[in-house]
Amino acid sequence: MPTGERSRTLQRMRTCRAAAAGKFTVVLATLMMLVACGSDGPSPRAWAASVCSALTPWRAEISKLTNSTDQQMTAQTTPAQAKENLVRLFGGAEQASETARRKVEQAGVPEVEHGEEVSAGFRASLASMRDAYGRARTTIDGLGTGEASTFYEGVQAAVETLQQEYDASALDTSRLDSEELKRAFDEVPECR
């Protein structure tokens with residue numbers, strides 16, 4: 001076979017292989033999409049277990065940080081020490097909230113009516129709490145420590161704002177109208 005003809009034959013073979021590979025990729029992608037679209041989300045019990053597994057350590061961390069913050073507010077420390085401790089505490093609460101939000105997101109969407117809305121509500125609530133802690137951390141980090149009374153007034157204002165934002169970000173469970181999810185949250189061991 002002459003070199004030119006061999007070159008054209010190799011080129012056609014490469015083109016055919018590329019076309020076949022391209023078609024196979026399209027078919028594979030289509031099959032994957034169909035499987036993904038046809039697959040159900042986690043059962044109510046599985047979803048509730050995942051969510052409670054995400055929220056239990058978060059609640060414990062927030063409780064610990066809240067106690068530490070209360071102790072810090074009454075401790076006999078310098079404003080600079082208090083600032084450093086409070087910034088670290090609120091940063092920890094911000095990170096814990098984000099970790100819980102990511103875990104709830106990873107739990108997926110429960111296979112119940114309005115499952116997406118329920119899942120989105122949990123994630124939004126945790127994101128709002130994360131942001132509230134982040135704003136408190138940023139506010140306190142920006143306070144000057146030269147005048148103790150001014151510093152502690154600023155801390156008090158930041159904590160009051162945090163409390164208001166935290167309360168406003170609470171999940172409205174009255175909209176959790178899925179009996180399946182209510183039962184799951186009551187029954188799974190992770191939620192007790």
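These legends describe close-up views of a predicted model.

**Figure 1. Overview of the helices in the predicted model.**
The protein has six helices and zero strands. Read from the N terminus, its elements follow the order α-α-α-α-α-α. Of its 192 residues, 31% are buried. The accessible surface amounts to about 11800 Å², and carbon and sulfur atoms account for 55% of that surface. When contacts between residues at least 6 apart in sequence are considered, 79% of them join residues at least 24 apart.

**Figure 2. The largest nonpolar core and the residues with the most contacts inside it.**
In soluble globular proteins, nonpolar side chains tend to be buried together. The largest nonpolar core here contains 37 residues, and the members that touch the most others are Trp47, Val51, Trp58, Phe122, Ile140 and Phe185. Two or more residues of this core come from each of H2, H3, H4, H5 and helix H6 (179-187). Phe185 contacts Trp47, Ala48, Val51, Cys52, Phe122 and Cys191, when neighbours within four places in sequence are left aside.

**Figure 3. Aromatic rings around Phe185.**
A pair of aromatic rings is described by the distance of the centres and the angle of the planes. The whole structure contains six aromatic pairs. One of them is formed by Trp47 and Phe185, an edge-to-face pair with 6.1 Å from centre to centre and 80° between the planes. Trp47 belongs to helix H2 and Phe185 to helix H6, so this pair ties together parts that are 138 residues apart in sequence. Trp47 and Phe185 are both buried. Phe122 and Phe185 make a stacked pair, with centres 6.0 Å apart and 15° between the planes. This second pair also links distant parts of the chain, since Phe122 is in helix H4 and Phe185 in helix H6, 63 residues apart. Phe122 is buried, like Phe185. Through these ring pairs, Trp47, Phe122 and Phe185 are linked into a cluster.

**Figure 4. A salt bridge within helix H2.**
Side chains of opposite charge can pair when their charged atoms come close. There are 11 salt bridges in the structure. In the one shown here, Glu61 pairs with Lys64, and the closest N and O atoms are 3.4 Å apart. Helix H2 (residues 44-74) holds both Glu61 and Lys64, which are three residues apart, or about one turn of the helix. Glu61 is partly exposed because its relative accessible area is 26%, and Lys64 is partly exposed at 49% relative accessibility.

**Figure 5. A salt bridge between helices H3 and H4.**
Arg137 and Glu94 form a salt bridge in which the closest N and O atoms are 2.8 Å apart. Distant parts of the chain are linked by this pair: Arg137 lies in helix H4 (residues 115-141) and Glu94 in helix H3 (residues 79-106), 43 residues apart. Arg137 has a relative accessibility of 25%, so it counts as partly exposed.

**Figure 6. A salt bridge between helices H4 and H5, and a separate view of a charged network.**
Glu165 and Arg135 meet through their side chains in a salt bridge, at 3.2 Å from N to O. Glu165 is in helix H5 (residues 148-168) and Arg135 in helix H4, so the pair ties together parts that are 30 residues apart in sequence. Glu165 has a relative accessible area of 24% and is partly exposed. Arg135 is likewise partly exposed, at 42%. The second view shows Glu98, Arg101, Arg102, Glu105, Arg130 and Asp131, which are joined into one network by salt bridges that share partners.

**Figure 7. The surroundings of Lys83.**
Lys83 lies in helix H3. Is this residue buried or exposed? Lys83 is buried, yet it has no salt bridge. Which side chain of opposite charge is nearest to Lys83? That side chain is Asp141, 4.6 Å away. A salt bridge requires the side-chain nitrogen and the carboxyl oxygen to be within 4 Å, so a pair at 4.6 Å is not counted as one. Not counting residues up to four places away in sequence, Lys83 touches Ile140, Asp141, Leu143, Thr145 and Phe151. One of these residues, Ile140, also appears among the core members that touch the most others.

Key:
Residues are numbered from 1 along each chain as its sequence is written. This is a predicted model: local features need pLDDT of at least 70, side-chain atom pairs count only at pLDDT 80 or more; totals for chains, interfaces and linings use all residues. Side-chain values use heavy atoms; hydrogens and water are left out. Helices (H or I, at least four residues) and strands (E, at least two) are DSSP runs, numbered from the N terminus. Buried means under 20% relative accessible area, exposed over 50%, partly exposed in between (1.4 Å probe, protein chains only). Contact means heavy atoms within 4.5 Å. Accessible areas come from the Shrake-Rupley method with a 1.4 Å probe; for residues, only the protein chains shown count as cover. Lys and Arg count as positive and Asp and Glu as negative; His and the chain ends are not counted. A nonpolar core is a set of buried Ala, Val, Leu, Ile, Met, Phe, Trp, Tyr and Cys residues joined through side-chain atoms within 4.5 Å. Rings of Phe, Tyr and Trp (its six-membered ring) pair if their centres lie within 6.5 Å; planes under 30 degrees apart count as stacked, over 60 as edge-to-face and the rest as tilted.
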